[in-house]
Each structure stands twice: as structure tokens, then as C-alpha cells.
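Please open the model in your viewer and keep the selection panel at hand, as each stop below names what to select next and then says what is there.

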Amino acid sequence: MTPNVTFDFTGQVAVVTGGSKGIGEAAVRGFAGAGATTVIADMDEATGRRLESELRSHGKDVHYISVDVGSDEAMKNLMEQAHALKGSLDILYNNAGVAIAGEAAVTSESDWQRVLNINLGGVFRGCKYVIPYMLQQGKGTIVNCSSTQALHGFLGWAAYSASKGGILAFTRQAAIEYAKQGIRINAVAPGTIMTPMNEKIFRESEDPDQLIRTWNNAHPIGRFGQPGEIADLVMYLCSDAASFITGQTFVADGGQSVRGE
Ligand SMILES: NC(=O)c1ccc[n+]([C@@H]2O[C@H](COP(=O)([O-])OP(=O)(O)OC[C@H]3O[C@@H](n4cnc5c(N)ncnc54)[C@H](O)[C@@H]3O)[C@@H](O)[C@H]2O)c1
């Protein structure tokens, strides 16, 4: 779970939605380890508080703030509270998401609304409420979490894929709207990453071992990714090393999307 690359975000404030577990947790560890005041913005309070106290015990400046990214008011409050910590908001990683399976014709209206509201709506609200602070500062970086499922078909995930595709279009749009004001906005598209989200999918499948083998084999590199491998990419995009990059989608999938079969 520990990121592999060394970055320095000393003096910056980073907000990670869905930061209690999985890829978000790895990003929290990464930003906090790189010196940022880091906000774990998640609805899983027990896990988020445990992570907060673990990292604080190692001297990191980490704050858990409870939020449901599906709520407009909660996201507005999140940014107000995060900004109040140090008087700045420099980095937002819009990571929180849910995965609900279902082909197009069997996806219920409520599942469709839930997936779109959390995954795509959460990214929209994060940007909507952080950008005014970044405009005041004249700088800021945002990374939105999409998926390789936004780039190619993946049977049985109609709403999820649509939500992730929307994130790419929204990222391009917001990037060009605020590029001149010093705000860079990019997206990451992970392949399969071993996190609680996928552990649940494996647990609930008829043959978890077979599913794990199939998904491992789908990646030319021969294995799933680890959360820290996405956190490294997110931190790169938020760093000055990526100062000329905005509106882009970065795929980290062990070659899955280019295998051509
Ligand atoms: N794991 C993968 O293989 C994979 C692949 C591609 C993209 N992604 C995307 O990466 C992101 C993180 O996925 P993960 O696998 O780490 O998931 P995860 O389920 O392991 O962790 C997600 C975290 O988000 C939080 N969360 C969920 N809904 C929330 C809400 N409404 N408000 C606030 N917090 C909420 C959860 O409490 C949890 O801590 C998601 O956007 C997911 O779609 C994951």
C-alpha cells in the first residue's frame, strides 16, 4: 500500500475523497508521507479515524472529515472545513466511487441514479466546491478517478462504465475552463486494483479463484495493480513535474487496454 516514489508536498493541503480504504487510502498515505496536510474525506468514519490516528502517531498532519460525495451540501461543507485547516486548498483527488454490476436492460433506476450520483456527481461536486478556493489562490491541481471501463466495453457494468466515461468528458471540459487560471485537472484510469471494492466482487462470485485467475490474465503484465501504483500516478499529476499537463487521461492497467484481443 505504500507509494513507491518520493514527492514533496510540504505546505500544501490535499483532500482525498474515499480516502479511508483502497486506492484513496494509498493516496492519503502518499500525500501525508510527502508532507501535505491531508484530509481523509469519506463516509466510513471508523476506518477513516483509524487511518487518521495511525498516521498522526507517525507525525503526519492528517484529518478525517465525514462526507457523502453524493450530497451537494456535504461536499460544500467538506471544502469549507478543509480550507479552514490552513487557509488553502491545493490538491483534490476525487477518488470516491461505488461499483454496482448490471447489464443495461437489467439495471434498476435506483442503481443507475446511485452510481451516477456518487461516481460522476461526486467528481462534479468536488470540482464545483474546490475550484473557487483554487481561483482565489491562482493555482491548484485536481485528479479525477475514472477507470479503463470508460475506454472499452466490460460486460455487465453499464451504469459504472457510463459514470466513468462521464468523468473523462467532464475532466476535459473543466480543464479547459480553468487552465488559464492556473488550475490543472486530469483523470486516471486504473485497471484492476486489489482493493476492498474488488475483494467484495471476488467474495460474492461463484468461483473466486477462477475469477482472480481470469482477471490476472487479462493484464499483459500478469497481475492486478496495487493501490500504491495508482497513488504514485496521482501524486505525479499533482506535482510540478506535471506542470504542462491538463485535461488528460492517464491509464495504469498493466497493458490491459492495449492488448487488442
Ligand atoms: N479497484 C479497482 O480495480 C478500480 C479500477 C478502476 C477504477 N477504480 C476506482 O477507484 C476508486 C477507488 O476504488 P477502490 O477500489 O479503492 O474502492 P473501495 O471500495 O475499496 O474504497 C472506496 C472508498 O470510497 C468510500 N466511499 C464510497 N462511497 C462514498 C461516498 N458516497 N462518499 C464518500 N466516500 C465514499 C468508501 O467508504 C471507501 O472508503 C473508485 O472511484 C473506483 O471506481 C477502482
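Which element gives the most residues to the lining of the largest pocket? Select α6, for in this predicted model that helix contributes six residues to the lining, more than any other element.

**The largest pocket**

Now widen the selection to the whole pocket, which holds about 1200 Å³ of space. Its lining is made up of 46 residues, and those closest to its centre are G97, V98, A99, T195 and M197, so labelled here as a good place to centre the view. The elements that each give two or more residues to this lining are α1, β2 (37-42), α4, α5, α6 and α7 (208-217), and colouring them separately lets you follow the wall from one to the next. Coloured by class instead, the lining of the largest pocket shows 22 nonpolar, 16 polar and eight charged residues.

**The ligand**

Next, select the ligand, which sits in this largest pocket. Of the elements in view, α1 (22-33), α5 (158-178) and α6 (196-204) are those that give two or more residues to the shell around the ligand, and here too α6 gives the most, with three residues. The shell comprises 29 residues, of which D42, N95, Y160, T195 and N198 come nearest to the ligand. By class, the shell around the ligand divides into 13 nonpolar, 11 polar and five charged residues.

**Backbone contacts to the ligand**

With the ligand still displayed, show the backbone atoms of I23, N95 and M197 in turn. At I23, a backbone N or O atom lies 2.9 Å from an oxygen atom of the ligand, while at N95 the corresponding distance from a backbone N or O atom to a ligand oxygen is 2.7 Å. At M197, a polar backbone atom is 3.1 Å from an oxygen atom of the ligand. If you then switch to a surface view, bear in mind that the ligand taken alone exposes 830 Å², and that the protein buries 93% of that.

**The cavity**

How many cavities of 30 Å³ or more does the count give? The count comes to one, and the volume of the largest cavity is about 40 Å³. To find the largest cavity, select T17, V69, M75, N94, N95, A96, I118, N119, G122 and V123, which line it. Helix α4 (residues 109-137) supplies the largest share of that lining, with four residues. By class, the lining of the largest cavity has five nonpolar and five polar residues, and no charged ones.

As a last stop, select N95 once more, a residue that lines the largest cavity and is also listed among those that come nearest to the ligand.

Conventions
Residues numbered from 1 in each chain as written. Predicted model: local features only at pLDDT ≥ 70, side-chain atom pairs only at ≥ 80, totals over all residues. Heavy atoms only, no water. Near = heavy atom within 4 Å. Polar contact = N/O pair within 3.5 Å; in protein donor to acceptor, adjacent residues only side chain to side chain. Areas by Shrake-Rupley, 256 points an atom, 1.4 Å probe, with all protein chains shown as cover. 1 Å grid on protein atoms, 1.4 Å probe; cavity = no way out; pocket = protein on both sides within 12 Å on 5 of 7 lines; lining within 4 Å. Sits in = over half its atoms within 2 Å of the grid points. Nonpolar A, V, L, I, M, F, W, Y, C, P; charged D, E, K, R; others polar. Points joined across faces, edges and corners; volume = space filled by probe spheres on them.
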